[in-house]
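Thanks for sending this one over. Here are my notes, set out as numbered points so that you can check each against the coordinates.

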Amino acid sequence: MTTQTITAAASGTWKLGDLTVNRIGFGAMRLTQHGEAFAADAVPRDRDQAISVLRRALDLGVNHIDTAAFYFSPLRSANELINQALAPYPDDLVITTKVGPGRDPAGQWLPHATPEQLRGQVEENLRQLGRDHLDVVNLRIVGTDSIAERFGALAELREAGLIRHLGLSNVRPHHLAEAQSIAPVVCVQNMYGIGASHEQKEFLGICDEQRIAFVPFYSIAGTGRDGGAATDHSPEVHAIAHAHGVSTAQIRLAWTLHQGSHVLAIPGTGDLAHLAQNVAVGSLRLSEEELTALDPLHHETA
């Protein structure tokens with residue numbers, strides 16, 4: 001499988017509200033450092049390399065970037081790298097960010113933001129990105145408690161023009177229903193990949209029925225989570241990767257895209273070669289037999 005001429009357009013498109021994006025996007029979490037994301041001793045990535053990856057992503061047709069103000073390592077901030085590399089931003093570029101979590105200057109996690117604190121997080125993203133509004137803001141949560149107050153606070157910022165569209169991250173179906181009663185939700189960003197649980201698949205289906213984008217995270221990393229790409233691939237993943245002449249990571253990503261036209265991928269990397277491989281997955285077609293072979297792998301974690 002050659003990656004020389006394949007662009008993100010090969011993956012097809014979806015709309016986040018009124019914003020059309022290619023289904024292969026880019027996640028900025030791993031852009032700021034080498035090794036494990038959020039590690040206290042993370043080695044910052046070379047600035048020029050990070051900027052080159054971002055600019056090459058746009059050259060390859062990527063028009064959806066996922067980021068957050070808490071994506072940083074010593075000396076590097078994902079938002080500020082995006083600003084430096086890509087501003088003035090192309091008209092078709094959609095930047096999605098997340099609020100809720102926060103980290104202090106030393107990188108230690110803070111308690112999730114209260115409704116009152118969310119405005120400050122939104123303004124910090126605006127400042128770092130050099131924008132007068134944010135295209136999409138996901139409320140990321142932990143737990144099963146009501147999100148009404150927090151999502152309501154973001155809905156007010158949407159009414160004020162600071163946010164164009166709203167989404168959710170790390171949520172359950174009842175959170176989506178609660179949010180939808182307050183303001184429109186254009187995307188749900190949850191963990192999902194080969195070996196997804198029955199409950200995870202049901203939620204993906206709910207999003208499809210409501211025409212809400214489903215944006216998986218850790219679809220390549222699997223059990224590696226913040227640490228990076230999974231290495232505990234099944235024989236089926238290896239066999240299908242060999243048959244297509246691609247990497248096991250590309251098969252995991254392709255499987256995710258095959259789960260519905262509303263599924264958007266946001267693989268992250270700080271490496272130009274891996275970027276091209278990720279984008280090329282948009283043209284990779286798995287057969288029904290291959291999808292069936294991969295589907296029962298419940299021993300793997302998304």
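**Notes on the model**

1. Phenylalanine 214 is a good place to begin: its relative accessible area is 1%, so this residue counts as buried. Please keep in mind throughout that the model is predicted.

2. The partner to look at is tyrosine 192, which is also buried, at a relative accessible area of 2%. A search of the whole structure turns up 8 aromatic pairs. In the pair made by tyrosine 192 and phenylalanine 214, the ring centres are 5.5 Å apart and the planes stand at 80 degrees, so the arrangement is edge-to-face. Tyrosine 192 belongs to the loop between strand 12 (185-189) and helix 6 (198-209), while phenylalanine 214 is in strand 13, so the pair ties together parts that are 22 residues apart in sequence.

3. A second aromatic site deserves a look. Phe38, Phe70, Tyr71 and Trp109 make up one aromatic cluster. Arginine 103 has its charged end over the ring of tryptophan 109, 5.5 Å from the centre of that ring. The charged end of arginine 103 also sits over the ring of phenylalanine 72, here 4.2 Å from the ring centre.

4. Now for the backbone. Most residues other than glycine have a negative phi, and most peptide bonds are trans. Phenylalanine 38, a member of the cluster above, has a positive phi of about 70 degrees although it is not a glycine. Its place is the loop between strand 4 (33-34) and strand 5 (43-44). With a relative accessibility of 17%, phenylalanine 38 falls under the 20% cut-off and therefore counts as buried.

5. Tyrosine 218 is another non-glycine residue with a positive phi, near 65 degrees. You will find tyrosine 218 in the loop between strand 13 (213-214) and helix 7 (235-244). Its relative accessible area is 14%, so tyrosine 218 is buried.

6. Which peptide bond should you check for a cis geometry? The one from alanine 87 to proline 88 is cis, with omega near -5 degrees. Proline 88 is located in the loop between helix 2 (78-86) and strand 9 (94-99).

7. Helix 3 reads well. Its 15 residues (115-129) reach 22 Å from the first C-alpha to the last, close to the 21 Å expected at 1.5 Å a residue. Leu118, Gln121, Val122, Asn125, Leu126, Gln128 and Leu129 are buried in this helix. An α-helix has 3.6 residues a turn, so residues three or four places apart point the same way. After helix 3 comes glycine 130, with a positive phi near 70 degrees.

8. Finally, the chain as a whole. It has 10 helices and 13 strands. The radius of gyration is 18 Å, close to the 19 Å that the globule rule gives for 302 residues, so the chain is as compact as a globular protein of that length. Its C-alpha atoms fill a box of roughly 50 × 45 × 35 Å along the principal axes.

9. On burial and contacts, 55% of the 302 residues count as buried. Among contacts with a separation of 6 or more, 74% come from residues 24 or more positions apart. The chain exposes about 12,700 Å², and carbon and sulfur atoms supply 50% of that area.

Terms used
Residues are numbered from 1 along each chain as its sequence is written. This is a predicted model: local features need pLDDT of at least 70, side-chain atom pairs count only at pLDDT 80 or more; totals for chains, interfaces and linings use all residues. Side-chain values use heavy atoms; hydrogens and water are left out. Helices (H or I, at least four residues) and strands (E, at least two) are DSSP runs, numbered from the N terminus. The expected span of a helix is 1.5 Å times one less than its number of residues. Buried means under 20% relative accessible area, exposed over 50%, partly exposed in between (1.4 Å probe, protein chains only). Rings of Phe, Tyr and Trp (its six-membered ring) pair if their centres lie within 6.5 Å; planes under 30 degrees apart count as stacked, over 60 as edge-to-face and the rest as tilted. A charge sits over a ring if NZ of Lys or CZ of Arg is within 6 Å of the ring centre and within 35 degrees of the ring normal. The radius of gyration is taken over C-alpha atoms; the globule rule is 2.2 Å times the number of residues to the power 0.38. Contact means heavy atoms within 4.5 Å. Accessible areas come from the Shrake-Rupley method with a 1.4 Å probe; for residues, only the protein chains shown count as cover.
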